[in-house]
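Trainee: Before we discuss any labels, could we look at the sequence and the model together? I would like to set each value against the definition behind it.

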Amino acid sequence: MEQGVLFSRVRVLHAACFAPAVGVVIGNREVVQELRYGEASGYTRITGGFRRVTIVSRDTGEELLSETVPFPEGSQQTLVLCSTMNQLSLVPMPETACDAGKGKGCFRTANFTFDDGPFRVMQDGDTVFACVAPCSVTSFLPAAAGSYDFWLTRTEDCASLPEFAKQAPGSTDTGGMVRPESAGASAGREEAAAFPESMSGMPLPESAGEIYVRVMPGVSYTACILGACGSDVPLEIKILEF
């Protein structure tokens with residue numbers, strides 16, 4: 001290793017509906033040989049600075065995308081390959097440490113559908129993230145260790161709404177954000193799947209998808225919402241952790 005040189009750690013998430021399996025070249029170095037839709041690569045080290053990132057179709061060898069991306073020294077990030085209107089795009093998603101406190105992890109949500117949403121993220125009828133717009137990543141919320149079910153519901157234009165509710169998953173400060181006990185987690189998911197009426201008697205919004213995550217202390221989790229790619233199945237959810 002060259003003395004005084006700091007590196008950036010990077011991985012790639014393939015979130016582009018209908019795009020083929022791809023290879024990824026950074027500078028003149030192939031860092032990902034083959035990555036299919038919904039897959040994330042492992043981390044690789046890149047010398048800090050601006051580097052050219054080239055996305056190549058693994059099927060045909062055609063260059064699909066080439067962009068210059070900053071890799072700050074000492075940073076860590078996920079590069080997300082997304083679909084936009086008739087083209088592909090690379091979205092850097094920084095991964096910075098979340099100070100959750102002892103015995104806690106961190107949780108956030110990202111929407112990489114581009115043509116679906118905004119979404120509201122709910123737990124037990126309460127809002128966790130009020131607005132996850134296309135091509136956006138929320139801030140982290142601390143979460144006590146344990147298993148969680150979150151539900152996605154579509155919402156109206158939410159530019160004026162706060163990003164997230166102030167309660168943290170697993171918080172003991174409010175009765176609205178409770179962590180399921182491990183023995184009853186499965187039963188809780190089955191009950192939530194039916195979307196029963198809330199405690200106030202008002203019906204809950206129709207679900208667009210489910211996020212299930214098991215939080216471990218000291219680990220940060222990103223629930224990435226991916227498109228259903230024209231199929232009849234619900235939205236794809238990819239959980240990334242670091």
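Mentor: Let us begin with the hairpin of E5 and E6, in which five residues lie between the strands and Gly61 takes a positive phi near 80 degrees. The model is a predicted one, in which local features need pLDDT of at least 70 and side-chain atom pairs count only at pLDDT 80 or more, whereas totals for chains, interfaces and linings use all residues. Residues are numbered from 1 along each chain as its sequence is written, and side-chain values use heavy atoms, with hydrogens and water left out.

Trainee: What makes E5 and E6 a pair of strands?

Mentor: A strand is a DSSP run of E with at least two residues, just as a helix is a run of H or I with at least four, and both are numbered from the N terminus. Two strands pair if DSSP finds at least two bridges between them. E5 and E6 are joined in the antiparallel sense by eight bridges, so the condition of at least two is met. One of these bridges has Ile55 facing Leu65 in E6.

Trainee: How do you know that strand E2 (residues 22–26) belongs beside strand E5 (residues 49–57)?

Mentor: The same criterion is applied: five bridges join E2 to E5, and the two run antiparallel. Gly23 stands opposite Val56 in E5, and Val24 is placed opposite Ile55 in E5. Ile55 thus appears in both pairings, with Val24 of E2 and with Leu65 of E6.

Trainee: Why are E3 and E6 called edge strands?

Mentor: The open sheet of four strands has the order E3-E2-E5-E6, with antiparallel pairing. Strand E3 (29–35) and strand E6 (63–71) each pair on one side only, and that is what the label records. Neighbouring strands of this sheet are turned by 20 degrees against each other on average, direction ignored; the axes are lines fitted to C-alpha atoms (for helices over the stretch in contact), with angles from 0 to 180 degrees between N-to-C directions.

Trainee: What makes E11 and strand E15 (209–215) the edges of their sheet?

Mentor: That open sheet of four strands has the order E11-E10-E14-E15 and antiparallel pairing. E11 and E15 each have a single partner strand, so one side of each is left without a neighbour in the sheet. From one strand to the next the twist averages 25 degrees. Within the sheet, four bridges join strand E10 (residues 119–123) to strand E14 (residues 146–154), with Thr153 as the bridge partner of Arg120 in E14.

Trainee: Why is Asp116 called buried, Tyr43 partly exposed and Phe18 exposed?

Mentor: Buried means under 20% relative accessible area, exposed means over 50%, and partly exposed lies in between, computed with a 1.4 Å probe on protein chains only. Asp116, at 18%, falls under the lower limit and is therefore buried. Tyr43, at 26%, lies between the limits and so counts as partly exposed. Phe18, at 68%, is over the upper limit and is therefore exposed.

Trainee: Which residues touch Asp116 and Tyr43?

Mentor: Contact means heavy atoms within 4.5 Å. Leaving aside neighbours within four places in sequence, Asp116, in the loop between strand E9 (104–111) and E10, is in contact with Asn111, Pro134, Arg154 and Leu235. Tyr43, in the loop between E3 and strand E4 (44–47), touches residues including Arg9, Gln76, Glu95 and Phe242.

Trainee: What is noteworthy about the phi of Phe18?

Mentor: Its value is positive, about 70 degrees, although Phe18 is not a glycine. Phe18 sits in the loop between strand E1 (7–15) and E2. Cys135, in the loop between strand E11 (126–132) and strand E12 (136–137), also has a positive phi, near 65 degrees, without being a glycine.

Trainee: How are the residues that line the second largest pocket divided?

Mentor: The lining holds 13 nonpolar, six polar and two charged residues, where Ala, Val, Leu, Ile, Met, Phe, Trp, Tyr, Cys and Pro count as nonpolar, Asp, Glu, Lys and Arg as charged, and the others, Gly among them, as polar. Among the residues nearest its centre are Cys17, Phe18 and Asp115. A pocket is an open set of points, on a 1 Å grid over the protein atoms alone, where a 1.4 Å probe fits, with protein on both sides within 12 Å along at least five of seven lines, and lining residues have an atom within 4 Å of a point.
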